[in-house]
Amino acid sequence: MNTTDIQKRIERFQAYGNTLPGAKVYFREDWETLYFDLDGKQFGMMSPEANEKALITLKHFPEKNEELRTMYPEIIIPGYYANKKHWNSIMLGKDELSDEEIEKMILISYELVLAKFAKKKQEEIKNSVIESDRK
């Protein structure tokens, strides 16, 4: 995959992350990464530059992380700069995983982080999208 294709993936995943209720994806200067944020909690991070080392790091169920690493040993590695049990890093320059499959992983990561909030906060996050849709 060339750098143009990797750049398209980065832009696509950033845009997708921004569509999730209450989520923001932005460049975090202190970490020099694209940061996937849900009300101050991280649910992912991604390389801002398109190159052969570009990664997206996402949370998943620990048992699924092991399975994914076994299924895709050349693409999915233990979370880079993250808890290796709960996070995986996916190489964006490989096309064995489709954009849709990676978007499903982004959604799972988002949902795992959302589930950690109190029920009332979860409802606020979900309802904030309904209110913005009405405007």
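A residue counts as buried when its relative accessible area is under 20%, as exposed when that value is over 50%, and as partly exposed in between. Keep those cut-offs handy as we walk through this structure, which is a predicted model.

Let's start with the sheet. Six strands make up an open sheet, and their order is E1-E2-E3-E4-E6-E5, with antiparallel pairing. Which strands sit at the edges? Those are E1 and E5 (76–78), each of which pairs on one side only. The sheet isn't flat like a board, either: on average, neighbouring strands are turned by 30° against each other, ignoring direction.

Now zoom in on E2 and E3. These two run antiparallel and are joined by 5 bridges. If you look across from Asp-37, you'll find Gln-42 of E3 standing opposite.

The loops around E2 hold a couple of curious residues. Between E1 (23–28) and E2 (33–38) you'll meet Glu-32. Its phi is near 55°, a positive value in a residue other than glycine. Is Glu-32 buried or exposed? Its relative accessible area is 59%, so Glu-32 is exposed, since the cut-off for that is over 50%. Next comes Asp-39, in the loop between E2 and E3 (41–46). Asp-39 also has a positive phi without being glycine, this time near 50°. Its relative accessibility is 41%, which lies between the 20% and 50% cut-offs, so Asp-39 counts as partly exposed.

Time for the helices. Helix H1 (residues 3–19) lies across E1, E2, E3, E4 (55–59) and E6 (87–91), and runs at about 135° to E1. Helix H3 lies across E1, E2, E3, E4, E5 and E6, running at about 40° to E4. How far apart should the ends of H3 be? H3 covers residues 99–114, and at 1.5 Å a residue its 16 residues should span 22 Å; the end C-alpha atoms are 22 Å apart, so the two values agree.

Plenty of H3 is tucked away from the surface: its buried residues include Ile-102, Met-105, Ile-106, Ser-109 and Val-113. To make sense of a list like that, remember that an α-helix has 3.6 residues a turn, so residues three or four places apart point the same way.

Finally, there's some empty space to explore. The largest pocket has a volume of about 430 Å³. Its lining is made of 16 residues, and those nearest the centre are Glu-32, Thr-33, Ser-47, Tyr-80 and Tyr-81. Which elements give two or more residues to that lining? They are E3 and E4. And notice a familiar face here: Glu-32, the loop residue with the positive phi, is among those nearest the pocket's centre.

Methods. Residues numbered from 1 in each chain as written. Predicted model: local features only at pLDDT ≥ 70, side-chain atom pairs only at ≥ 80, totals over all residues. Heavy atoms only, no water. Helix = DSSP H or I, 4+ residues; strand = E, 2+ residues; numbered from the N terminus. Expected span 1.5 Å × (residues − 1). Buried < 20%, exposed > 50% of the residue type's maximum accessible area, 1.4 Å probe, protein only. Pairing = 2+ DSSP bridges. Axes fitted to C-alpha atoms, helices over the stretch in contact; angles between N-to-C directions. Contact = heavy atoms within 4.5 Å. 1 Å grid on protein atoms, 1.4 Å probe; cavity = no way out; pocket = protein on both sides within 12 Å on 5 of 7 lines; lining within 4 Å. Points joined across faces, edges and corners; volume = space filled by probe spheres on them.
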